[in-house]
Amino acid sequence: SRATWEWIWGGARGVVGEENEFVFFSGALLLSFWLTFWTFHGLMLAVDASTGTLEQYRLQRHRPRLNAKLQPEMHGEVLRKTAMNQATVVVALPLLWYALGWRGLDTALPLPPLTTFLGHLAVWVLAEDALFFWSHFLLHRSDLLYRRVHKVHHRFYQSVALVAPLSHPLESILGNHIPIWLAPILTPDKHLLTILFWVGIRTYQTCNAHCGYAIPVVNPRWWLGPIHSGAESHDAHHQYSTANYGSFFTIWDRIMGTYQHY
């Protein structure tokens, strides 16, 4: 209930201290990001290390699983680069704090009305999906940008959840952070709670898209159907690099004729 959420929120603010807004913002944002990312990847590590219980749902069964046992050197490299990439998030927190505060960022009670909360999330999802598609489309259609920038992410034809944030610094800014953060920055009077859910949703989306499995219930496409990209569309994108440039949905790919059914 709303009362329960506000009790939890108020308790957390009280522990950190009402005057320590930046500390509360930073801790809450990192918790949302890391908890979602590492919980999802921890589960996928367990799946990849298993004896094949969910093998029927693995999308590239013609290739050996990318895990610590079968491909230890590559898996270790992915793990190291992912840790380095996520460390940059900590460095960027002050800039993000000021950018989000430009048009108003509320961290206190009361929490936003449900309609405002859902409305902001819906706008951010649609905006990110459009911005990600066009930046991603450009990274592929420009031979120079693909070879010098985007190829870093496409080194792995068979993706795992850890691969999701791996990218060239230029792509990380133009192709990831701007699509994710531009709409929230421009949105006036948003609440930190909405930001935390947005971070969790976007992190889950990219982890699922790169996990290499289309697991029922876990994969949003199971719920939303082919309008959602799911793990299938982006896995095909990593295999062939010629289609399926969208983030959440397949709408822009269908409009531009770049949708490829898995």
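A residue counts as buried when its relative accessible area is under 20%. That cut-off will help you through the views below, which come from a predicted model.

**View 1. Gln-60, a buried residue in a loop.** Start in the loop between helix 2 and helix 3, where Gln-60 is found. With a relative accessible area of just 1%, Gln-60 falls under the 20% cut-off and therefore counts as buried. Look next at the side chain of Gln-60, which makes a polar contact of 3.1 Å with the side chain of Asp-235. Asp-235 is itself one of the buried residues of helix 9.

**View 2. Helix 9 and its surroundings.** Here we follow the partner of Gln-60 into its own helix. Helix 9 covers residues 230–240, and 10 of its 11 residues are buried, so the rest of the structure largely encloses this helix. Among the buried residues are Glu-232, His-234, Asp-235, His-237 and His-238. Packing against the buried residues of helix 9 are helix 4, helix 7 and helix 8 (220–224). Just after helix 9 comes Ser-241, where phi is positive, near 60°.

**View 3. Pro-165 in the loop before helix 6.** Pro-165 sits in the loop between helix 5 (143–148) and helix 6. Its relative accessibility of 16% is under the 20% cut-off, so Pro-165 is buried. Setting aside neighbours within four places in sequence, you will find Pro-165 in contact with Phe-37, Thr-82 and Asn-85. Another residue to pick out is Lys-81: it is 84 residues away from Pro-165 in sequence, yet the two C-alpha atoms are 9.1 Å apart in space.

**View 4. The largest nonpolar core.** This core has 40 residues, and those with the most contacts inside it are Phe-25, Leu-29, Leu-100, Trp-181, Leu-192, Ile-195 and Trp-198. Helix 2, helix 3, helix 4, helix 6 and helix 7 each give two or more residues to the core, with the largest share, 10 residues, coming from helix 2. Leu-29 makes a handy starting point. Beyond its neighbours within four places in sequence, Leu-29 is in contact with Leu-93, Leu-96, Trp-181, Ile-195, Leu-196 and Val-199.

**View 5. The largest pocket.** The volume of this pocket is about 1,100 Å³. Its lining is made up of 44 residues, and Ser-172, Asn-176, His-177, Ile-180 and Trp-181 are the closest to the pocket centre. Trp-181 may look familiar, as it is also among the residues with the most contacts inside the largest nonpolar core. Six helices each supply at least two lining residues: helix 2 (21–49), helix 3 (72–101), helix 4 (114–141), helix 6 (169–186), helix 7 (192–210) and helix 9. Helix 6 gives the most, with 11 residues. Sorted by class, the lining has 23 nonpolar, 18 polar and three charged residues.

**View 6. The second largest pocket.** This pocket has a volume of about 340 Å³. Its lining includes Trp-5, Trp-9, Phe-24, Leu-31, Leu-193 and Phe-197. Two or more lining residues come from each of helix 1 (2–16), helix 2 and helix 7, and helix 2 gives the most, with five residues. Of the residues in this lining, 10 are nonpolar and two are polar, while none is charged. Leu-196 also lines this pocket, and it is one of the residues in contact with Leu-29.

Key. Residues are numbered from 1 along each chain as its sequence is written. This is a predicted model: local features need pLDDT of at least 70, side-chain atom pairs count only at pLDDT 80 or more; totals for chains, interfaces and linings use all residues. Side-chain values use heavy atoms; hydrogens and water are left out. On a 1 Å grid over the protein atoms alone, a cavity is a set of points where a 1.4 Å probe fits but cannot get out, and a pocket is an open set with protein on both sides within 12 Å along at least five of seven lines; lining residues have an atom within 4 Å of a point. Grid points are joined across faces, edges and corners, and a volume is the space filled by probe spheres set on the points. Helices (H or I, at least four residues) and strands (E, at least two) are DSSP runs, numbered from the N terminus. Ala, Val, Leu, Ile, Met, Phe, Trp, Tyr, Cys and Pro count as nonpolar, Asp, Glu, Lys and Arg as charged, and the others, Gly among them, as polar. Buried means under 20% relative accessible area, exposed over 50%, partly exposed in between (1.4 Å probe, protein chains only). A polar contact is a pair of N or O atoms within 3.5 Å; within protein, one must be able to donate a hydrogen and the other to accept it, and residues adjacent in sequence count only if both atoms are side-chain atoms. Contact means heavy atoms within 4.5 Å. A nonpolar core is a set of buried Ala, Val, Leu, Ile, Met, Phe, Trp, Tyr and Cys residues joined through side-chain atoms within 4.5 Å.
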